[in-house]
Amino acid sequence: MKKPTTAELIALKGAELALSDLLGLYAVRVRQAGVIREISESLATARLTTLPDFSTCPSLARVRLVPVATTPTVEPEEDPAVPADPLPPGALPQRLLLGDLPSAVGGLQCVSRGAALSQATYLMRHEGYNQIPVVSNMTELHGVVTWKSIALMYENGWDLTLENAMQQESLPVFDSREDLFSCLPMLVDHGYVLVRGQDGRISGIVTYQEIVRRFQNTARPFFLLGEIESLLRRWLGARLVF
């Protein structure tokens with residue numbers, strides 16, 4: 001992770017940026033807890049903040065860099081019995097949105113409704129895709145070709161056409177501003193969910209692989225800490241004083 005200099009941040013005072021551009025200044029794409037803390041501290045050093053708060057606003061929102069209010073505030077007396085909060089206020093996002101996942105907004109491969117079935121199966125076989133959406137202008141979704149829907153076509157003896165090979169009912173489509181956990185039941189049932197951006201266009205697809213990758217990045221440090229603790233207990237044995 002890199003940081004812009006204080007002078008570079010001050011030069012942006014009053015500017016309006018897409019959230020992705022603000023994150024790009026720090027060479028990151030996703031708002032994790034450590035990233036939010038570093039950006040908050042960097043902005044605070046330059047006496048700047050963002051409107052709306054970059055840590056909780058939607059992933060496709062635009063933020064404006066504004067000076068921190070100079071009105072003096074009375075700091076409450078610290079209670080020595082209460083440990084200090086290691087994160088600044090508002091450092092953690094209120095919830096994880098579907099659009100916070102890179103694959104949800106990174107685009108996806110599609111075919112048009114008039115395409116040949118072989119075009120869809122070629123992409124699925126050579127690119128390793130399990131689903132190919134059938135769309136018009138990336139806004140109108142006609143269906144999704146999956147290996148399961150192709151097998152159903154063969155089982156029923158239907159003509160080998162794109163129309164017969166795609167699933168057209170109960171498609172798992174969600175807005176990018178949806179809470180991620182509310183989408184998980186549909187992802188479990190279908191193996192994927194399609195994502196619409198705020199402009200109404202299909203912006204990406206989230207599959208099991210993306211969820212597993214997110215879980216690995218988030219949970220791995222906790223598992224490592226647990227393993228370190230277990231090794232310390234084994235090595236120290238009875239000498240460990242509780």
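**Exercise 1. Find which residue stands opposite aspartate 175 in S8, then place strand S8 in its surroundings.**

*Solution.* Aspartate 175 stands opposite arginine 196 in S8. This is a predicted model, where local features need pLDDT of at least 70, side-chain atom pairs count only at pLDDT 80 or more, and totals for chains, interfaces and linings use all residues. Residues are numbered from 1 along each chain as its sequence is written, and side-chain values use heavy atoms, with hydrogens and water left out.

Step 1: fix the terms. Strands (E, at least two residues) and helices (H or I, at least four) are DSSP runs, numbered from the N terminus. Two strands pair if DSSP finds at least two bridges between them.

Step 2: take the first partner. Strand S7 (residues 173-175) pairs with S8 over three bridges, in the parallel sense.

Step 3: follow the chain. From S7 it passes through helix H8 (residues 180-190) to S8, a right-handed β-α-β crossover. Right-handed means that, with the strands pointing away from the viewer, the path from the first strand over the helix to the second runs clockwise.

Step 4: take the other partner. S8 pairs with strand S9 (residues 202-207) over five bridges, in the antiparallel sense. Here tyrosine 192 stands opposite threonine 207.

Step 5: look at the hairpin of S8 and S9. Five residues lie between the strands, and glycine 200 takes a positive phi near 85°.

Step 6: check burial (buried: under 20% relative accessible area; exposed: over 50%; partly exposed in between; 1.4 Å probe, protein chains only). Four of the five residues of S8 (residues 192-196) are buried, so the strand is largely enclosed by the rest of the structure.

**Exercise 2. Work out which strands stand at the edges of the sheet S4-S5-S6.**

*Solution.* Step 1: read the order. Three strands form an open sheet, S4-S5-S6, with antiparallel pairing.

Step 2: count partners. S4 (131-136) and S6 (166-167) each have a single partner strand, so one side of each lacks a neighbour in the sheet. These two stand at the edges.

Step 3: inspect one pairing. Two bridges join S5 (residues 140-146) to S6. Valine 144 has glutamine 167 in S6 as its bridge partner.

Step 4: add the helix. Helix H5 (residues 117-127) packs on the sheet and touches S4 and S5. Contact means heavy atoms within 4.5 Å.

**Exercise 3. Decide whether valine 66 is buried or exposed.**

*Solution.* Step 1: locate valine 66 in strand S3 (residues 62-67).

Step 2: use the area. Valine 66 has a relative accessible area of 15%, so this residue is buried.

Step 3: list contacts. Leaving out residues up to four places away in sequence, valine 66 touches Arg47, Leu48, Thr49 and Leu51.

Key:
Axes fitted to C-alpha atoms, helices over the stretch in contact; angles between N-to-C directions.
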